[in-house]
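Biologist: Hi, I've just opened this one and I'm new to it. Can you walk me through it?
Modeller: Sure, ask away once it's on the screen.

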Amino acid sequence: MSFQTSALILSWIAILLLALTVSGLVRQVHALSSGAVQRRPESVGLRPGAPAPGFARLAPGAPAVPLVLLFLEPDCGTCTEVLAEANGHVGRPGLEFRVLYRDNPSAQAAGLPITVLGGQAELFERYDALATPFATVVDPAGRVLRAEPLGSRAALRRLLDEIDSQPGGSGPAVATNQGGRA
């Protein structure tokens, strides 16, 4: 066998291996983008049931409904979308919102009917909000119900719908306590 024949065979083997590798990567990307891999980050945010740091300061009136804490940054495009989505749910029964910024709040947040708190770097650390936008849901007793990063407006919408649909969630609990209607 000549050198050229050997090089040609080795080239085809390398091309075949490369094609197999690329097809495996394409399958993994497709699985991740279609949501087939549902992996929740376990090391981000406070665990459910943990006491919510600074709860008395965040909710001085002891709310009767869950409190949704949104950790945002003013120069984050997704944070701006999440803030707009939260503004659309301000009148939603059974929820209260607090928007927290590490430093100065965004100009967009100033005119909204949501409580906005700037200079909350300490709470970003204490709530383990490593990435923004980030949401933590706290029950009226001051215990964390959920904590998770939000990647879009739809993620906040899904979170709010899941809170309402949980047993003892804000929607059914409010209706039941007001006269026994479901």
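Biologist: Which residue does glutamate 85 meet in a salt bridge at 3.2 Å?
Modeller: That's arginine 153; their side chains meet in a salt bridge, with 3.2 Å from N to O. Keep in mind that this is a predicted model.

Biologist: Where do the two residues of that pair sit in the chain?
Modeller: In distant parts of it: glutamate 85 belongs to helix α3, residues 77-88, and arginine 153 to helix α6, residues 153-165. They are 68 residues apart.

Biologist: Is glutamate 85 buried or exposed?
Modeller: Glutamate 85 is buried, at a relative accessible area of 9%. Arginine 153 is partly exposed, at 32%.

Biologist: And which residue has its closest N and O atoms 3.0 Å from glutamate 85 in a salt bridge?
Modeller: Arginine 157. This residue is in helix α6 while glutamate 85 is in helix α3, so the salt bridge ties together parts 72 residues apart in sequence. Arginine 157 counts as partly exposed, with 36% relative accessibility.

Biologist: Why would such side chains pair up at all?
Modeller: As a general point, side chains of opposite charge can pair when their charged atoms come close.

Biologist: How many salt bridges are there in the whole structure?
Modeller: A search of the whole structure turns up 10. One of them joins glutamate 162 and arginine 146, with the closest N and O atoms 2.4 Å apart.

Biologist: What does that pair tie together?
Modeller: Glutamate 162 is in helix α6 and arginine 146 is in strand β5, residues 144-149, so the salt bridge ties together parts that are 16 residues apart in sequence. Glutamate 162 counts as partly exposed at 27% relative accessibility, whereas arginine 146 counts as buried at 12%. Both belong to a network of salt bridges that links Arg146, Glu148, Arg158 and Glu162.

Biologist: Switching to the sheet. What is the order of its strands?
Modeller: The order is β3-β2-β1-β4-β5, in an open sheet of five strands with mixed pairing. β3, residues 115-117, and β5 are the edge strands, each pairing on one side only. From one strand to the next, the twist averages 15°.

Biologist: Which helices pack on the sheet?
Modeller: α3 does, touching β1 and β2 (96-101), and its direction makes about 155° with that of β1. α6 packs on the sheet too, touching β1, β2, β4 and β5, with its direction at about 165° to that of β5.

Biologist: How many bridges join β1 to β4?
Modeller: Five, between β1 (residues 67-72) and β4 (residues 134-138), and these strands run antiparallel. Leucine 67 stands opposite valine 138 in β4, and leucine 70 is opposite alanine 135.

Biologist: What about β4 and β5, in which sense do they pair?
Modeller: Antiparallel, over five bridges. Threonine 136, for instance, has alanine 147 in β5 as its bridge partner. The hairpin of β4 and β5 has five residues between the strands, and glycine 142 there takes a positive phi near 90°.

Biologist: How many residues of β4 are buried?
Modeller: Five of its five, so to say mostly covered, going by the cut-off that buried means under 20% relative accessible area. Phe134, Thr136 and Val138 point one way from β4, while Ala135 and Val137 point the other way.

Biologist: Now the backbone. Where is the peptide bond that is cis?
Modeller: From threonine 132 to proline 133, with omega near -5°. Proline 133 lies in the loop between α5, residues 121-126, and β4. Aspartate 128 is found in that loop between α5 and β4 as well, with a positive phi near 60° though it is a residue other than glycine. Aspartate 128 counts as partly exposed at 24% relative accessibility.

Biologist: What's the usual case for phi and peptide bonds?
Modeller: Most residues other than glycine have a negative phi, and most peptide bonds are trans.

Biologist: Last topic, the surface. Which residues form the nonpolar patch?
Modeller: Met1, Ile9, Leu10, Ile13, Leu16, Leu17 and Leu20, with about 780 Å² of accessible area together. Methionine 1 lies in the segment before α1 (3-33) and is exposed, at a relative accessible area of 78%.

Key. Residues are numbered from 1 along each chain as its sequence is written. This is a predicted model: local features need pLDDT of at least 70, side-chain atom pairs count only at pLDDT 80 or more; totals for chains, interfaces and linings use all residues. Side-chain values use heavy atoms; hydrogens and water are left out. Patches are made of residues with over 30% relative accessible area and no salt bridge: like charges are joined within 9 Å, nonpolar side chains (Val, Leu, Ile, Met, Phe, Trp, Tyr) within 5 Å. Accessible areas come from the Shrake-Rupley method with a 1.4 Å probe; for residues, only the protein chains shown count as cover. A salt bridge is a side-chain nitrogen of Lys or Arg within 4 Å of a carboxyl oxygen of Asp or Glu. Helices (H or I, at least four residues) and strands (E, at least two) are DSSP runs, numbered from the N terminus. Buried means under 20% relative accessible area, exposed over 50%, partly exposed in between (1.4 Å probe, protein chains only). Two strands pair if DSSP finds at least two bridges between them. Axes are lines fitted to C-alpha atoms, for helices over the stretch in contact, and angles run from 0 to 180 degrees between N-to-C directions. Contact means heavy atoms within 4.5 Å.
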